[in-house]
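The following paragraphs lead through one protein structure, beginning with its overall architecture and ending with individual residues. Please keep the sequence and the model in view while reading.

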Amino acid sequence: MPEALGSGEPQKAEWEETKCPLCASARWKLRLQAGNLLYGLPGPFRLVQCRDCGHVYVSPRPTRETIGRFY
């Protein structure tokens, strides 16, 4: 089970690049890149916008195995 934030030694998150979850396009443009100032979570986080359908999503994103460390 993943270790919760603030309970012992922090574990590093693993990140994965992802295609657009709506249309599966790999074409995107950067919309915003920022760190998490409120909780100091590992980052920076990058919001990208699909060049084909316009959907905005996080990429890279934490893997399924490490996403729990952010909650």
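In what order do the elements of the protein run from the N terminus on? The order is β-β-β-β-β. The model is a predicted one, and its secondary structure comprises 5 strands and 0 helices. Of the 71 residues in the protein, 23% are buried.

The sheet is a suitable place to begin. An open sheet is formed by 3 strands, arranged in the order S2-S3-S4 with antiparallel pairing. Strand S2, residues 28-34, and strand S4, residues 56-58, are the edge strands, each of which pairs on one side only. On average, and with direction ignored, neighbouring strands of this sheet are turned by 30° against each other. In general terms, the strands of a sheet pair through backbone hydrogen bonds, in either a parallel or an antiparallel manner. Between S2 and strand S3, which covers residues 45-50, the antiparallel pairing extends over 6 bridges. One residue pair can be located directly: Gln-33 has Arg-46, in S3, as its bridge partner.

Attention may now turn to the surface. Which residues form a nonpolar patch there? The patch consists of Leu-32, Leu-47, Val-56 and Val-58, and their accessible area together is about 280 Å². Leu-32 belongs to strand S2. Patch residues must have over 30% relative accessible area, and Leu-32 meets this requirement because its value is 46%, which makes it partly exposed.

The cysteines call for a closer look. How many disulfides does a search of the whole structure find? The search finds 0 disulfides. Cys-50 is accordingly in no disulfide, and the nearest cysteine sulfur, that of Cys-23, is 3.5 Å away. Cys-50 has a relative accessibility of 3% and therefore counts as buried. A disulfide is a covalent bond between the sulfur atoms of two cysteines. Why is Cys-53 not bonded to Cys-20? The two sulfurs are 3.6 Å apart, which is too far for a bond, because a disulfide requires a pair of cysteine sulfur atoms within 2.5 Å. The sulfur in Cys-20 is the closest cysteine sulfur to that of Cys-53. Cys-53 itself is partly exposed, with a relative accessible area of 39%.

The loops hold further points of interest. Arg-51 is placed in the loop between S3 and S4, and at 48% relative accessibility it counts as partly exposed. Although Arg-51 and Trp-28 are 23 residues apart along the chain, their C-alpha atoms are separated by 5.0 Å.

Two backbone features complete the account. Most residues other than glycine have a negative phi, and most peptide bonds are trans. Where is Ala-24 found? Ala-24 is in the loop between strand S1, residues 15-16, and S2. The phi of Ala-24 is near 70°, a positive value in a residue other than glycine. Ala-24 has a relative accessible area of 48% and is partly exposed. The second feature concerns the peptide bond from Ser-59 to Pro-60, which is cis, with omega near 0°. Pro-60 is situated in the loop between S4 and strand S5, the latter comprising residues 61-62.

Terms used: Residues numbered from 1 in each chain as written. Predicted model: local features only at pLDDT ≥ 70, side-chain atom pairs only at ≥ 80, totals over all residues. Heavy atoms only, no water. Pairing = 2+ DSSP bridges. Helix = DSSP H or I, 4+ residues; strand = E, 2+ residues; numbered from the N terminus. Axes fitted to C-alpha atoms, helices over the stretch in contact; angles between N-to-C directions. Patch = residues over 30% accessible without salt bridge, like charges linked within 9 Å, V, L, I, M, F, W, Y side chains within 5 Å. Areas by Shrake-Rupley, 256 points an atom, 1.4 Å probe, with all protein chains shown as cover. Salt bridge = Lys/Arg side-chain N within 4 Å of Asp/Glu carboxyl O. Buried < 20%, exposed > 50% of the residue type's maximum accessible area, 1.4 Å probe, protein only.
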